[in-house]
Structure formats: structure tokens, C-alpha cells
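Please look over the structure shown below. The report that follows deals with a pocket and its lining, then with strand pairing, and finally with the cysteines and some buried positions.

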Amino acid sequence: SLLFAPTLTAVQNLRNEGFRSEMIVHSGDVMFDNVLRYAPVAKSHDPGGNEDILLTVHRNFNTDSPRRLTTILSGVEAAASALGATVLFPVHPRTRQHLESMAFKCIHFVEPLSYLETLAVLRRVRLVMTDSGGLQKEAFFSGRPCVVLRDETEWTELVDCGAAALSGASRDSIVSCAKAMWNVVPASIGDFGDGHAAEAVLDSILRAI
């Protein structure tokens with residue numbers, strides 16, 4: 001009955017699909033609500049370290065192919081080396097099994113991080129490299145540029161405003177994108193809301209019943 005869209009692009013996509021305007025609510029993004037709420041307390045959950053880049057790789061099309069995974073990590077390693085940076089890589093269990101024989105100088109492998117630990121790390125790193133849809137947005141909400149280790153993203157708004165770049169799994173592209181995004185300061189959160197998306201959702205439901 002009601003469709004809650006986090007951005008104006010999402011609103012337009014729903015209209016393009018034929019949904020009636022009265023069904024669509026531009027609510028903002030509840031993930032932004034969370035970042036605003038928990039960022040102030042996240043600092044106390046920092047796992048420690050001084051890495052410059054946060055890396056996550058977990059999607060099956062990146063991890064189930066040893067060749068693709070090796071190429072991605074080789075690109076990240078080369079990018080970090082070129083930038084004089086170090087990388088924090090919380091390793092997803094599915095990914096870890098493919099890393100037994102790999103050795104890297106710039107990438108530090110750690111156990112998966114909690115949500116608050118992740119927010120704490122986002123406060124201190126300079127760049128995020130990920131194939132995660134959620135972390136792309138959390139990087140943006142934390143004011144950090146992002147290299148998306150995929151050929152496409154559901155969050156085209158981030159690419160359009162220059163806060164993220166699509167690298168795919170090409171080693172050269174990963175290096176190029178990392179260099180290009182290294183000094184980027186993402187724009188404001190734009191139309192992802194004002195941090196009160198959950199309230200907007202609830203108010204719309206209450207008015208409808």
C-alpha cells in the first residue's frame with residue numbers, strides 16, 4: 001500500500017514502474033538514521049589500528065572465483081602500495097577459505113567487525129573499498145569516498161555525485177579508482193533524508209490506517 005523511497009532517484013524509479021504517486025513516500029534512508037544515532041558512541045568501540053583504507057569483499061561473484069578474488073586483492077595491494085597506505089580487511093568466513101596461500105604486505109586481515117566497530121573505523125580511515133551495498137552508503141554518511149569493487153551498484157546516486165567509483169575486478173581499474181578517490185571529499189548526504197526516516201515511515205503508516 002505504501003512504498004518508502006530513500007532517495008528521489010528511488011521515487012522516480014517507482015514512478016517509472018507505474019506506481020501511483022500517492023503510494024510513494026520519499027522518507028529518507030533509515031541507515032542514515034542509524035549512523036547519526038550510533039556514530040557518537042562508536043569511537044569507544046574502535047578495535048585499534050591506524051590503517052588508511054577499509055576493505056570488505058563478501059559477494060559470491062567476487063569470492064567464489066579464486067582468480068577474481070586474487071585479482072581484486074592484487075589490485076587493492078597495488079593501490080595501497082602506490083598511495084603509501086595500509087588496508088584493514090575484516091574477512092568474511094566465506095572469503096577466508098580462499099586466502100590460505102596468499103600473502104600481502106599492505107593488507108591486514110582481521111576477524112569480522114561489529115556494526116559499532118565498523119562505524120568507528122569509518123571515522124578514521126581515508127578510503128573505503130567494498131562490494132557491499134550497505135557499506136557504500138555508510139561510507140558516504142561518514143564522509144568517506146568509496147571504490148565499489150563491482151561492475152554496477154544499486155546506489156547510483158553515490159556515483160552520480162562523485163562519492164563513489166565503480167572499479168569492477170580489474171587490477172588496473174582498482175588502482176586507478178583508488179588514486180582518483182583518495183583525495184575526494186564526498187558531498188552532503190543530499191536527498192537521503194535528514195536522519196528522521198524512521199519517523200517519516202511511521203507517520204505515513206499511522207496516517208494511512
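How many nonpolar, polar and charged residues does the lining of the largest pocket have? In this predicted model, the lining of the largest pocket divides by class into eight nonpolar residues, six polar residues and one charged residue.

**The pocket**

The volume of the largest pocket is about 290 Å³. The pocket is lined by 15 residues, of which Thr56, His58, Pro90, Leu113 and Thr118 are the closest to its centre. Two elements, strand E3 (53-56) and helix H7 (133-141), give two or more residues each to this lining.

**The strands**

Strand E3, which contributes to the pocket lining, sends the side chains of Ile53 and Leu55 one way and those of Leu54 and Thr56 the other way, and all of these residues are buried. A comparable description holds for strand E6 (residues 127-130), from which Leu127 and Met129 point one way while Val128 and Thr130 point the other way, and again all are buried.

The pairing of these strands can be set out pair by pair. E3 and E6 are parallel and are paired over four bridges, whereas E3 and strand E4 (residues 87-90), also parallel, are joined by two bridges. On the side of E6, three bridges lead to strand E7 (residues 146-148), and these two strands likewise run parallel. The residue partners that can be named for these pairs are listed in the table.

| Strand pair | Residue | Partner |
|---|---|---|
| E3 and E6 | Ile53 | Leu127 in E6 |
| E3 and E6 | Thr56 | Thr130 in E6 |
| E3 and E4 | Ile53 | Val87 in E4 |
| E6 and E7 | Val128 | Cys146 in E7 |

Ile53 thus appears with a bridge partner in E6, namely Leu127, and with a bridge partner in E4, namely Val87. Between E6 and E7 the chain passes through H7, and the resulting β-α-β crossover is right-handed. Helix H7 is also one of the elements that give two or more residues to the lining of the largest pocket.

**The cysteines**

How many disulfides does a search of the whole structure find? The search finds zero disulfides. Cys146, which stands opposite Val128, takes part in none, and the nearest cysteine sulfur to its own, that of Cys177, is 10 Å away. Because the sulfur of Cys177 is 10 Å from its closest cysteine sulfur, in Cys146, the separation is too far for a bond.

Are Cys146 and Cys177 buried or exposed? Cys146 counts as buried because its relative accessibility is 1%, and Cys177 is buried as well, with a relative accessible area of 11%.

**Two further buried positions**

Met102 is placed in the loop between helix H5 (93-96) and strand E5 (107-110). With a relative accessibility of 19%, Met102 counts as buried, because the cut-off for that class is under 20% relative accessible area. The C-alpha atom of Met102 is separated by 9.7 Å from that of Ser74, although the two residues are 28 residues apart along the chain.

Ala5 belongs to strand E1 (residues 3-5), and with a relative accessible area of 1% this residue is buried. Along the chain Ala5 and Ala197 are 192 residues apart, yet their C-alpha atoms are separated by 9.7 Å.

Definitions and conventions. Residues numbered from 1 in each chain as written. Predicted model: local features only at pLDDT ≥ 70, side-chain atom pairs only at ≥ 80, totals over all residues. Heavy atoms only, no water. 1 Å grid on protein atoms, 1.4 Å probe; cavity = no way out; pocket = protein on both sides within 12 Å on 5 of 7 lines; lining within 4 Å. Points joined across faces, edges and corners; volume = space filled by probe spheres on them. Nonpolar A, V, L, I, M, F, W, Y, C, P; charged D, E, K, R; others polar. Buried < 20%, exposed > 50% of the residue type's maximum accessible area, 1.4 Å probe, protein only. Pairing = 2+ DSSP bridges. Right-handed = clockwise from strand over helix to strand, strands pointing away. Disulfide = S-S within 2.5 Å.
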